[in-house]
Amino acid sequence: MKVIGLMSGTSVDGIDAALVEVTGKGYGVKVELLAAHTADYSPSLRDRILAVCANKPLAMADIAGMDDDIAIAFANAANHLGTAELIASHGQTVYHRPPTAQQMGYSWQMGRGELIAELTQTPTISNFRAADIAAGGQGAPLVPPVDASLLSHAQHHRCVQNIGGIGNLTYLPPWDRAGPPPAAIVGWDTGPGNALIDWAVSLFSDGNLTYDHNGDWAAQGHPCQRLIDQWLAQSFFRQPPPKSTGRELFGADYGQRCWQEAQALDLSQADFLSTLTAFTAATIADSYQQLPCLPDEVLLCGGGSQNGYLRSQLQLRLPSVNLMTTDDAGISSSHKEAIAFTVLGYWRWHQHPGNILAVTGARQPCLLGNIYTVGDSVNN
């Protein structure tokens with residue numbers, strides 16, 4: 001089945017679109033990437049999304065308009081790739097509330113699937129997190145079962161580490177991909193990925209830059225271990241999995257507090273960027289202490305995998321681990337998340353549950369996503 005996967009993460013740096021041939025059944029799926037591209041948001045739409053993520057109040061009419069505009073942008077990204085039998089759209093997360101003992105979780109991805117279906121004339125699956133959350137889960141991360149299917153190794157313990165705006169890991173014990181996945185597969189959000197770094201770069205460049213290319217700016221400074229240790233004391237990092245997070249915690253307000261603490265220690269802008277980058281690496285390495293064992297290999301993906309300084313800081317903290325990218329295992333690191341959603345959509349279409357209970361904490365396996373067919377806005 002030819003499926004288009006659409007994904008925009010917490011970095012809000014564009015819409016990743018991948019046209020993939022998906023074959024097989026259940027966890028025995030295989031994928032072939034046929035085409036891919038990243039569609040930039042217009043600057044005004046990106047600014048509006050980031051403002052909402054930073055808790056700026058909006059009138060309901062403005063929220064509805066932004067929901068439409070995101071769906072149109074996603075549909076345009078899909079149409080750029082040509083025809084497919086199915087579209088699987090993650091949408092744009094604008095709010096994520098993990099569950100607590102007192103309150104169930106909630107997660108909102110804008111860019112409604114029924115509009116994408118109409119604009120592309122293609123059945124579309126969206127709203128992937130809702131069923132897992134209704135079953136008591138975190139609704140995130142969603143990709144570990146796909147990682148298990150596509151990236152497990154028969155002999156090696158692996159971690160797949162996505163570094164988007166927020167970082168998340170999947171731990172994969174050795175598995176030959178025959179039979180059901182091992183029960184030992186776990187995954188969770190590790191904390192900030194690029195979100196704080198991107199925020200600081202935008203602040204220091206007066207909005208002229210949106211990210212630190214290859215970590216070159218951060219590499220000009222020196223990380224402050226005192227601040228890194230102080231930030232690692234934040235309660236999220238001590239929380240046992242399953243757990244998830246977002247800009248609600250690691251957003252502009254958090255970044256501003258970090259910058260004030262850095263200024264009190266007379267850190268330069270380069271030193272602060274270096275410290276934020278090293279902090280991201282430290283949160284990842286620290287998370288691995290909660291795994292059954294350290295992985296033999298870490299496969300990086302997402303925008304942070306292209307940051308050479310971040311990779312060097314991570315390698316310093318995981319000296320015994322072979323640091324690679326998912327490209328080395330045959331899956332594009334730049335479009336890996338979009339590829340993952342083609343599999344999640346394929347599973348939903350074929351009535352295959354898409355969550356792993358040990359990862360999200362849900363009470364039971366769930367069919368993830370609502371199906372919207374052309375000319376029919378009824379959820380299936």
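So, contacts along the chain: if you take those between residues at least 6 apart in sequence, 69% of them join residues at least 24 apart. Keep in mind, please, that this is a predicted model. The chain has 380 residues, and 57% of them are buried. In terms of secondary structure, we're dealing with 14 helices and 12 strands.

How about overall dimensions? The C-alpha trace spans about 60 × 50 × 45 Å along its principal axes. The radius of gyration is 20 Å, and a compact globule of 380 residues would come out near 21 Å, so the chain agrees with that expectation.

Okay, let's go to helix α6, residues 195–204. I'd like to walk up to α6 from the loop just ahead. That loop runs between β9, which is 186–192, and α6, and Asn194 sits in it. Is Asn194 buried or exposed? Its relative accessibility is 8%, and the cut-off for buried is under 20%, so Asn194 counts as buried. Who does Asn194 touch, if we skip the neighbours within four places in sequence? Ser11 for one, then Ile163, Gly164 and Gly165, then Gly303 and Gly304, and also Leu310.

Now α6 itself, and two of its helix partners. Partner one is α11, residues 269–287. The axes of α6 and α11 are 9 Å apart, and the packing angle is about 165°. Anything over 145 degrees counts as roughly antiparallel, so that's what we call α6 and α11. Their crossing is left-handed. If you want to find this contact on screen, look on the α6 side for Leu196, Ile197, Trp199, Ala200, Val201 and Phe204. Facing them from α11 are Gln269, Phe272, Leu273, Leu276, Thr277, Phe279 and Thr280. Sorted by class, the contact between α6 and α11 has 10 nonpolar residues, three polar ones and no charged ones.

Partner two is α10, residues 252–264. Here the axes come within 10 Å, and they cross at roughly 70°. That falls in the 65 to 115 range, so α6 and α10 count as roughly perpendicular to each other. The crossing of α6 and α10 is right-handed, whereas the one with α11 was left-handed. From α6 you've got Leu196, Trp199, Leu203 and Phe204, and they meet Ala252, Tyr254, Gly255, Gln256 and Trp259 of α10. Seven of the residues in this contact are nonpolar, two are polar and none is charged. By the way, Leu196, Trp199 and Phe204 turn up in the contact with α11 and again in the one with α10.

Next, some backbone oddities. As background, most residues other than glycine have a negative phi, and most peptide bonds are trans. So where are the cis bonds I want to show you? One runs from Ala140 to Pro141, with omega near -10°. Pro141 is in the loop between α4, 130–134, and α5, 144–151. Another cis bond joins Pro241 and Pro242, with omega about 5°. You'll find Pro242 in the loop that goes from α9, 235–238, to α10, the helix we just saw crossing α6.

And positive phi? Asn214 is not a glycine, yet its phi is about 60°. It belongs to the loop between α6 and α7, which is 216–219. At 34% relative accessibility, Asn214 counts as partly exposed. Then there's Gln351, also not a glycine, with phi near 65°. Gln351 is in the loop between α13, 336–349, and α14, 357–360.

Two more loop residues before I stop. Met104 is in the loop between β4, 86–97, and β5, 106–110. With 49% relative accessibility, Met104 counts as partly exposed. Beyond its neighbours within four places, Met104 is in contact with Arg97, Pro99, Ile133 and Ala134. And how far apart in space are Met104 and Ala135? From C-alpha to C-alpha it's 9.2 Å, with their positions 31 residues apart in sequence.Last one, Leu58, in the loop between α1, 43–53, and α2, 60–79. Leu58 counts as partly exposed, at 32% relative accessibility. Leaving out neighbours within four places in sequence, Leu58 is in contact with Val52, Ile63 and Met66. Leu58 and Val12 are 46 residues apart along the chain, and their C-alpha atoms are separated by 19 Å.

Notes
Residues numbered from 1 in each chain as written. Predicted model: local features only at pLDDT ≥ 70, side-chain atom pairs only at ≥ 80, totals over all residues. Heavy atoms only, no water. Helix = DSSP H or I, 4+ residues; strand = E, 2+ residues; numbered from the N terminus. Buried < 20%, exposed > 50% of the residue type's maximum accessible area, 1.4 Å probe, protein only. Contact = heavy atoms within 4.5 Å. Axes fitted to C-alpha atoms, helices over the stretch in contact; angles between N-to-C directions. Parallel < 35°, antiparallel > 145°, perpendicular 65-115°, else oblique. Left-handed = near helix turned anticlockwise from the far one by under 90°. Nonpolar A, V, L, I, M, F, W, Y, C, P; charged D, E, K, R; others polar. Rg over C-alpha atoms; globule rule 2.2 N^0.38 Å.
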